[in-house]
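Good morning, and thank you for the time. I should like to walk through one model, beginning with a sheet and ending with a pair of domains.

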Amino acid sequence: MSPRRTDTGGHVDRLKTIRFTFDGVAYTGHGGDTLASALLANGVTLFGRSFKYHRPRGLLSAGVEEPNALVTVLKGEVREPNIPATMVEIHDGLIAVSQNRFPSLTWDIHAVNQLGGKLLSAGFYYKTFMGPVVGPLKGTRFWMFCEHFIRRAAGLGSAGSAKDPARYERMNAFCDVLVVGSGPAGLMAAKTAADQGARVILADLEPRFGGSANWSGETIDDASAADWVRRTVAQLEARDNVRLLPRTTVWGYYDNNTLAALERVSDHKAQPAKGEPRHRYWAIRAGSVVLATGAFERPLVFPGNDRPGVMLAHAAERYANEFGVLPGQRVVVFTNNDSAYRSALALKQAGAAIVAIVDVRPQPSAEMSALAGEAEAELLSGHAVVATEGGKALSGLKVQRFDMVAGALSGDARSVHADCLLMSGGWSPTIHLASQAGAKAEWNEALQAFLPPKRTQKWVGAGAFNGHFMTLEAILDGRNAGLTAVGATVAPMAYPHIESLPCDPRPAPVFEIKAKGKSFVDFQHDVTAEDVRLAHREGFVSVEHLKRYTTLGMATDQGKSSNVPGLAIMAEALGKPIPEVGTTRFRPPFAPVSIGSLAAERFGDLKPERLTPMHDWHVDNGATMYSAGLWYRPMIYGLSGETVEQAYVREAKATRENAGIVDVSTLGKIAVQGPDAAAFLDRVYTNMFSTLAVGKARYGLMLREDGFAFDDGTTWRLGDQDFLMTTTTANAGKVMQHLEYFLDVIWPELKAHVTSVTDEWAGAAIGGPKARQILAACVTGTDVDNATLPFMGIVHGEISGVPVMICRLSFSGEMAFEVYSGAGHGTHVWEALVEAGRPFGLVTYGLEALGTMRIEKGHVTGAEIDGRTTARDLHLDWMLSKKKPFIGSAMMDREGLVASERLELVGLIALDNRPLNGGAHIVEEVDEANPHGSIGHITACCYSPALGKHIALALVKGGKARHGTRAHVSDPLRNRFGPVEIVSNHFYDPEGTRMHG
Amino acid sequence: MAERQSPLEPEFHVGSHGNFEHGVEILLTETRPGSIVQLAAWPGEEKTLMAAIRAVTGLALPDGAGGGSSDGVKSVFGFAPGKFTVTDEAEGLASAFAKVVAPAMGTVTDLSHGRTAIRIAGPKAEWVLSKFFAIDFALPAFPVGAGRSTTHHDVFAQIQRTGTDQFDIYVFRSFARSFWKALCHASEEVGYEVQ
Amino acid sequence: MLITCPYCGPRDVIEFTYQGDGNRERPDPASQNFEAWNAYVYDRLNPAGDHNEIWQHSGGCRVHLRVVRNTLTHEISNVAFVRGDHSSAARRKAEDKP
């Protein structure tokens with residue numbers, strides 16, 4: 001048996017031995033142990049080094065509020081830093097290491113910082129790194145050298161860089177009642193609501209339900225409180241309208257009763273089960289919420305209150321009663337309230353000697369004196385602890401007479417030999433979630449605590465959360481909350497019979513004992529009482545500023561135990577009562593949340609992607625795939641040894657010489673149907689569509705309401721009331737929403753429906769001088785000659801037994817056709833086309849060649865329709881109908897949109913025969929060292945196999961007027977400067993003779 | 001005619017997967033209906049269209065948002081005001097509707113290729129779907145026959161409950177493989193079988 | 001934030017797309033009144049308090065909704081179809097659970 005483990009008592013499974021290591025040392029613990037309880041049982045007192053001063057630190061608490069005992073848990077290559085040892089359940093093979101120490105925890109080089117305490121006081125970082133550097137070191141490298149070490153010396157654990165292989169998941173849940181916290185209040189609320197038939201979720205951040213009932217030693221209805229918990233949980237488990245979520249921290253309370261929770265599904269296991277996530281992020285939409293989140297005990301602020309062995313009183317009680325571990329043999333209790341007497345008795349019963357109870361109050365009640373007697377403890381009323389002694393463990397302390405009204409110490413300090421000091425500075429209800437939900441916490445003078453704010457959302461509080469610290473109150477509260485939450489009438493109930501020790505919940509208003517030495521307020525960020533006063537002296541009066549300047553409450557524990565003492569000290573310094581100083585509003589998360597759980601399944605392989613019907617064919621046939629938004633498209637079909645440029649040049653050349661085929665299934669396709677479909681298109685497009693004949697297609701341009709260009713594409717009239725609109729790949733979703741908006745909001749009288757049919761059709765564009773011959777070789781059921789299928793004509797036929805729709809249109813500038821088939825037949829048709837094209841030298845080509853041929857033709861895409869260009873800028877003004885209004889027509893002629901100095905689309909040819917870059921600027925002056933006077937920029941560029949030159953499309957001031965002139969491309973980031981000629985954007989076959997055949 | 005290619009093919013592995021040693025709690029399959037058709041009524045014509053749906057499929061649609069029904073071969077459900085998805089194991093549903101849905105009533109859009117139908121069944125179906133969609137899958141909130149439109153990230157989905165423990169999910173074909181993979185992944189912890 | 005779509009019921013805000021100020025009035029398409037067009041395209045009320053907004057349930061039924069939302073509290077006091085003419089087949093029944 002470990003040195004501090006009691007022979008009996010607690011809820012650990014002494015028959016089950018678990019092996020783990022801490023800082024490389026092997027230890028054993030038992031089933032039900034946390035890392036904290038197991039190490040404590042092994043006699044470990046030193047858990048970590050403090051943030052700034054590297055002071056030795058032990059356990060302060062037994063729960064989620066732990067500020068000191070932060071460890072890094074190693075799983076394979078993955079390190080998870082800053083986990084409170086109190087929240088780590090041990091399992092076989094657990095590897096944990098301490099943090100913020102070098103080279104080791106027991107021998108830490110930075111502990112020397114303790115000597116330089118004044119240097120690292122409040123606002124140290126602001127003063128040091130952000131203020132003006134003055135003095136002899138100004139401007140020297142020495143200071144930067146120091147900064148490196150100072151930053152390294154201060155801090156928490158370090159994150160690893162290995163990829164986390166763990167699985168994280170997200171879960172959506174709906175319930176009538178969410179109960180947060182499973183102490184007596186929460187359990188009772190859950191049971192009551194469930195008995196009413198409500199759908200209930202009960203969440204607790206601990207692995208074991210029951211909260212304080214697990215360690216209070218009280219009896220409820222003649223059973224031990226722990227048995228009452230077991231019985232109640234078993235009842236809840238048996239119900240199918242209850243979901244129990246242990247190890248689940250509800251960390252965020254958002255609008256409309258939406259709450260966020262983190263379930264630690266498998267951290268407590270050596271190996272998760274197959275497919276089991278590590279963490280699960282729960283998004284819970286609750287009809288109402290019962291907040292039964294309990295309360296945190298507060299430390300007292302006095303010199304040396306951070307020494308290992310100084311612990312919160314109830315934490316020690318919990319270690320003894322829940323885990324069967326004694327934090328010390330010779331225990332002193334230091335308190336300003338009654339609750340610590342119960343802790344003293346619990347430790348006495350577990351086998352420790354209670355040397356003394358030091359109470360700041362001059363005269364504790366007779367009941368407390370009796371409890372002190374029962375604990376065989378010397379009661380030092382009207383006294384305070386003024387110092388602690390020892391190094392890595394407590395060896396003793398000093399006590400002095402204390403007048404709590406004056407806050408003054410008197411008499412001689414008396415030494416007391418002790419290895420454990422329990423402190424209790426009163427209790428702060430855990431109101432974080434209620435505060436997140438809105439409204440301000442309210443100070444209660446009697447309880448010396450902030451109580452829950454007024455309700456701004458649908459929640460009900462119960463138990464210690466309400467400042468009702470007695471178990472009887474908690475159970476009554478819980479029942480009422482359960483009934484209120486389901487909207488039932490609250491009727492009186494028979495009181496349960498509770499045996500508990502007497503306790504007046506009102507503490508004395510003492511937060512700090514002022515004596516010589518460092519008195520810690522925020523243990524995790526090493527903020528002392530003196531730091532708070534220094535901040536006040538330096539002019540900080542707002543609590544929000546105090547928080548930021550001293551960093552009080554800003555560590556990973558978010559000041560769960562330090563906020564109220566910090567405020568009290570600030571209030572005293574300001575000479576104001578605490579409610580006037582106010583408190584900071586709590587924000588999510590209540591406790592740290594793994595980033596993995598937030599990213600969940602939207603990460604890596606599980607990110608949604610869109611694949612065209614021919615995707616697998618492309619991959620199988622050597623395509624290098626390129627992600628375009630969510631889509632994957634072939635970039636090139638490279639031959640072995642080919643560079644990307646060689647591949648696309650070959651593909652584009654072959655297309656212009658013979659024929660090429662490209663997958664265009666990603667184009668947005670929208671069915672526009674109904675009696676008013678044509679009229680609707682007339683309003684949406686700048687040009688006319690009502691005049692389009694059935695069986696014909698037309699190129700269309702859309703503007704936004706503000707008159708700028710929006711999107712372009714061809715629209716095919718398949719029937720009198722049936723159009724197939726195509727959009728650019730990137731804008732498909734936006735165009736769809738645009739159309740839906742106008743039909744729903746602006747023109748509800750129009751009978752037109754729009755439906756996304758992008759995925760219904762597989763599209764293959766086949767172009768080149770031999771494209772028609774290839775089609776003729778494989779299409780049945782229709783001719784494809786010029787008479788049957790003129791430019792912009794549409795025919796229906798079959799390819800290899802599958803129905804297809806063919807439209808003759810061209811993006812490449814060649815004689816070209818788009819062949820559409822049902823998506824499920826896409827690969828079948830594609831393969832038939834490729835097969836038919838083989839004798840004609842047909843090549844498959846990807847986005848690079850597609851882009852090259854479109855640049856050669858001067859067609860625009862999203863790079864040019866960038867939200868800042870107008871139809872005129874892009875030389876598409878011929879498409880602006882003067883016969884009808886359309887979206888954007890009223891705004892497109894505004895002064896600024898027709899100005900002569902606007903950027904217009906032009907072509908560029910590199911005169912130095914070197915590649916151009918997208919985004920490069922065009923300048924007039926030859927001043928490579930000091931480029932200035934941009935007249936525009938490049939939007940797209942390529943090597944043109946048709947021209948044998950490096951060319952680009954660009955938006956240039958004045959545009960057309962500059963055709964034939966020279967300028968320079970300037971791209972200092974990529975060291976590119978050189979002469980270009982400005983030409984028409986139509987580089988290749990401007991008359992379109994190839995396309996028209 | 002050539003058989004329609006499933007977008008799931010390379011990722012469709014018949015058999016038991018994941019944590020199935022204690023039995024599978026999820027069945028996954030692609031139902032591959034011959035027809036998936038979208039019908040949309042003009043305002044005021046909803047009831048006429050519902051009658052037309054009954055005439056063609058024999059399925060009566062309950063009044064109210066998201067109502068639907070299924071006979072195991074044909075299914076129908078509302079997914080938006082005046083809009084319905086109708087499916088049939090057989091092909092040819094779109095042309096059957098084109099004959100009875102007059103231009104004055106509404107429109108017919110054939111989506112037989114454009115949507116992929118994935119069926120998830122089993123005692124953990126609600127659990128697994130809740131990992132994806134922020135809607136309430138509990139039976140009282142989502143009765144048998146009813147349809148819902150919702151989204152998982154960018155994956156738009158129409159879901160019909162076709163049994164107490166069974167849901168048919170219609171997703172865009174291009175997203176189908178991605179969604180299928182995610183569905184399999186999410187089903188691993190409870191054990192699943194692909195049929 | 002949840003928005004209760006009259007067709008789909010309460011859904012997370014992530015399923016919706018904000019489509020702008022619901023107080024805008026689009027001038028007659030043929031109008032050349034630049035003031036009116038300018039007001040429609042650019043002028044926004046931006047009130048502190050109740051705001052009449054258009055939201056599309058883009059991740060659900062795709063219908064546009066007129067939503068009255070308090071810009072200070074996010075409280076939504078009213079949601080209706082923008083085109084108020086959907087028949088009973090388009091509405092959730094009163095007994096439907098949210």
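How many bridges join S3(C) to S4(C)? There are 3, and the two strands run antiparallel. Before going further, I note that this is a predicted model, in which local features need pLDDT of at least 70, side-chain atom pairs count only at pLDDT 80 or more, and totals for chains, interfaces and linings use all residues. Residues are numbered from 1 along each chain as its sequence is written, while chains are lettered from A and ligands numbered from 1 in the order in which they are written.

Let me place that strand pair in its chain. Chain C contains 1 helix and 6 strands, where helices (H or I, at least four residues) and strands (E, at least two) are DSSP runs numbered from the N terminus. Along the sequence the pattern reads β-β-β-α-β-β-β. Chain C has 98 residues, of which 32% are buried, that is, with 20 or more other C-beta atoms within 10 Å of their own, the C-beta atoms being placed from the backbone.

Now the sheet. In chain C, an open sheet of 4 strands follows the order S3-S4-S5-S6 with antiparallel pairing; two strands pair if DSSP finds at least two bridges between them. Its edge strands, S3 and strand S6 (76–81) of chain C, each pair on one side only. From one strand to the next, the twist averages 30 degrees. Within the sheet, Thr17(C) stands opposite Gln56(C) in S4(C).

What packs on this sheet? Helix H19 (residues 732–746) of chain A does, touching S3, S4 and strand S5 (64–70) of chain C. The direction of helix H19 makes about 120 degrees with that of S4(C); axes are lines fitted to C-alpha atoms, for helices over the stretch in contact, and angles run from 0 to 180 degrees between N-to-C directions.

The contact with chain A takes 20 residues from chain C and 15 residues from chain A, a contact meaning C-beta atoms, placed from the backbone, within 7 Å. On the chain C side, strand S3 (17–21), helix H1 (34–42) and strand S4 (50–56) each supply at least two residues.

Finally, chain B is divided into domain 1 (9–32 + 114–194) and domain 2 (35–110), with bounds from an automatic or database domain assignment. Their C-alpha centres lie 24 Å apart. The contact between them takes 12 residues from domain 1 of chain B and 13 residues from domain 2 of chain B.

Key:
Buried ≥ 20, exposed ≤ 12 C-beta atoms within 10 Å, placed from the backbone. Contact = placed C-beta atoms within 7 Å.
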